[in-house]
Amino acid sequence: MKLKFSKMHGLGNDFVVVDGIRQTVGLTPERLRQLGDRHLGIGFDQLLLVEAPHDGTNDFRYRIFNNDGSEVEQCGNGARCFVKFVTEQKLTNKRAIRVETAKGVIVPEYHGNGQITVDMGVPRLKSLEVPFIADGDAITHPLAIGDDSIDVTVVSMGNPHAVCVVNNVDSAPVAQQGPLVESHPRFPEKVNAGFMQIVNRGEIRLRVYERGAGETLACGTGACAAVVAGIQRGQLDSRVLVHTRGGDLSIEWGGPGHPVKMTGPAVTVFTGEIEI
Ligand SMILES: N[C@@H](CCC[C@H](N)C(=O)O)C(=O)O
């Protein structure tokens with residue numbers, strides 16, 4: 001059986017996007033890992049599956065799989081690619097669409113100038129909602145990593161994030177500490193680990209070691225979580241330019257109870273079909 005797909009990226013965070021409305025798709029975790037392999041398959045950080053919504057008031061359902069085969073709740077760069085995909089594939093002609101994810105509805109809006117803004121929903125800040133095993137709901141928590149201790153702020157953007165502040169992202173120990181944070185026993189569902197350098201109150205540099213995918217060139221929910229964490233810590237203003245290794249995202253957050261808005265590009269690289 002042949003599977004049609006588009007290869008896309010958001011700031012170098014790359015995706016295989018599959019229309020599960022007009023073709024039948026059966027993907028096991030093993031098959032996902034094989035398709036995600038950069039030598040033996042197509043290669044991707046995440047595979048995005050477009051489905052019909054469960055609730056008729058929404059336009060689509062959006063499922064996300066990491067390249068380790070795990071299904072996850074949310075993906076920010078993927079959300080922008082999702083809206084470009086459904087527009088290019090003529091699955092909709094709306095500019096603003098309502099998309100169901102495993103943790104609520106997101107509302108991406110296509111501006112037509114190459115930029116897409118996504119209402120990523122209200123971040124969850126309570127430890128239990130991340131989930132994170134904490135003594136209380138402090139803004140930073142010391143986390144023991146081997147012989148070191150790092151201070152993390154935990155945020156759920158639908159998916160779990162732990163953000164620490166570093167002096168320089170270029171020399172931050174992302175490859176060493178990232179996997180230890182990702183699988184730390186205090187995060188029962190694992191976590192995405194963000195390393196944020198604060199440039200000024202409106203600008204940060206960010207690297208993210210993603211749960212189930214390793215370090216990526218950019219992470220949209222990671223950018224949202226980092227800005228929320230920086231604002232919670234009193235170090236950032238409400239509109240922040242986030243520099244990632246793959247490019248820039250603009251993030252806005254009005255504080256607790258408000259949704260996070262993320263703006264950035266989405267690119268289609270090629271389309272293809274693969275035997276599965
Ligand atoms: N690349 C993403 C996040 C993808 C999911 C993440 N690895 C997780 O397991 O939660 C983004 O742009 O947000």
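This report describes the domains, the ligand shell and several residues of a predicted model.

Residues are numbered from 1 along each chain as its sequence is written. Because the model is predicted, local features need pLDDT of at least 70 and side-chain atom pairs count only at pLDDT 80 or more, while totals for chains, interfaces and linings use all residues.

## Two domains

The protein is divided into domain 1 (2–121 + 265–275) and domain 2 (127–258). These bounds come from an automatic or database domain assignment. The centres of the two domains, taken over C-alpha atoms, are 23 Å apart. Across the boundary, 22 residues of domain 1 are in contact with 19 residues of domain 2. Contact means that the C-beta atoms of two residues, placed from the backbone, lie within 7 Å.

On the side of domain 1 that touches domain 2, H2 gives the most, with three residues. That side divides into five nonpolar, 13 polar and four charged residues. Here Ala, Val, Leu, Ile, Met, Phe, Trp, Tyr, Cys and Pro count as nonpolar, Asp, Glu, Lys and Arg as charged, and the others, Gly among them, as polar. Helices (H or I, at least four residues) and strands (E, at least two) are DSSP runs, numbered from the N terminus.

## The ligand shell

Where does the ligand lie relative to domain 1 and domain 2? Both domains give residues to the shell around the ligand, so it lies between them. There are 19 residues around the ligand, and Asn77, Asn159, Arg211, Gly220 and Thr221 come nearest. A residue is near a molecule if its C-beta atom, placed from the backbone, lies within 6 Å of it.

Helix H2 (76–88) and helix H4 (220–232) each supply at least two residues of this shell. H2 gives the most, with three residues. By class, the shell has four nonpolar, 12 polar and three charged residues.

UniProt, in an unreviewed entry, places the feature "binding site" at Asn13, Gln46, Asn66, Gly76, Asn77, Asn159, Asn192, Glu210, Arg211, Gly220 and Thr221. UniProt positions are given in the numbering used here, feature names are shortened, and annotations may be inferred rather than shown by experiment.

## The two cysteines

The unreviewed UniProt entry also places the feature "active site" at Cys75 and Cys219. They are spread over 145 residues of sequence, yet they cluster in space: the largest C-alpha distance is 7.9 Å.

Cys75 is found in the loop between strand E5 (71–72) and H2. Not counting residues up to four places away in sequence, Cys75 touches Gln46, Ile64, Gly220 and Thr221. Cys219 sits in the loop between E14 and H4. With the same kind of sequence neighbours left aside (within four places), Cys219 is in contact with Asn13, Asn77, Asn192, Val208 and Glu210.

## Burial of selected residues

A residue is buried if 20 or more other C-beta atoms lie within 10 Å of its own, exposed if 12 or fewer, and partly exposed in between; C-beta atoms are placed from the backbone.

| Residue | C-beta neighbours within 10 Å | Class |
|---|---|---|
| Cys75 | 31 C-beta atoms | buried |
| Cys219 | 35 C-beta atoms | buried |
| Asn192 | 28 C-beta atoms | buried |
| Arg211 | 25 C-beta atoms | buried |
| Pro131 | 17 C-beta atoms | partly exposed |

Asn192 lies in strand E12 (residues 192–200). Beyond four places in sequence, Asn192 touches several residues, including Asn159, Glu210, Arg211 and Cys219. Arg211 is in the loop between strand E13 (203–210) and strand E14 (214–216). Leaving aside neighbours within four places in sequence, Arg211 is in contact with Asn66, Glu182, Lys190, Val191 and Asn192.

Pro131 is found in the loop between strand E8 (115–119) and strand E9 (141–145). Pro131 and Glu189 are 58 residues apart along the chain, and their C-alpha atoms are separated by 6.9 Å. Not counting residues up to four places away in sequence, Pro131 touches Pro160, Pro188 and Glu189.

## Helix H1

Which residues of helix H1 (residues 29–36) are buried? They are Leu32, Leu35 and Gly36. Seen down the axis of H1, these buried residues fall within an arc of 95°, so they line one face of the helix. The arc is that of the directions from the helix axis to the C-beta atoms. Their cover includes strand E2 (13–19), strand E3 (46–51) and strand E4 (60–66).
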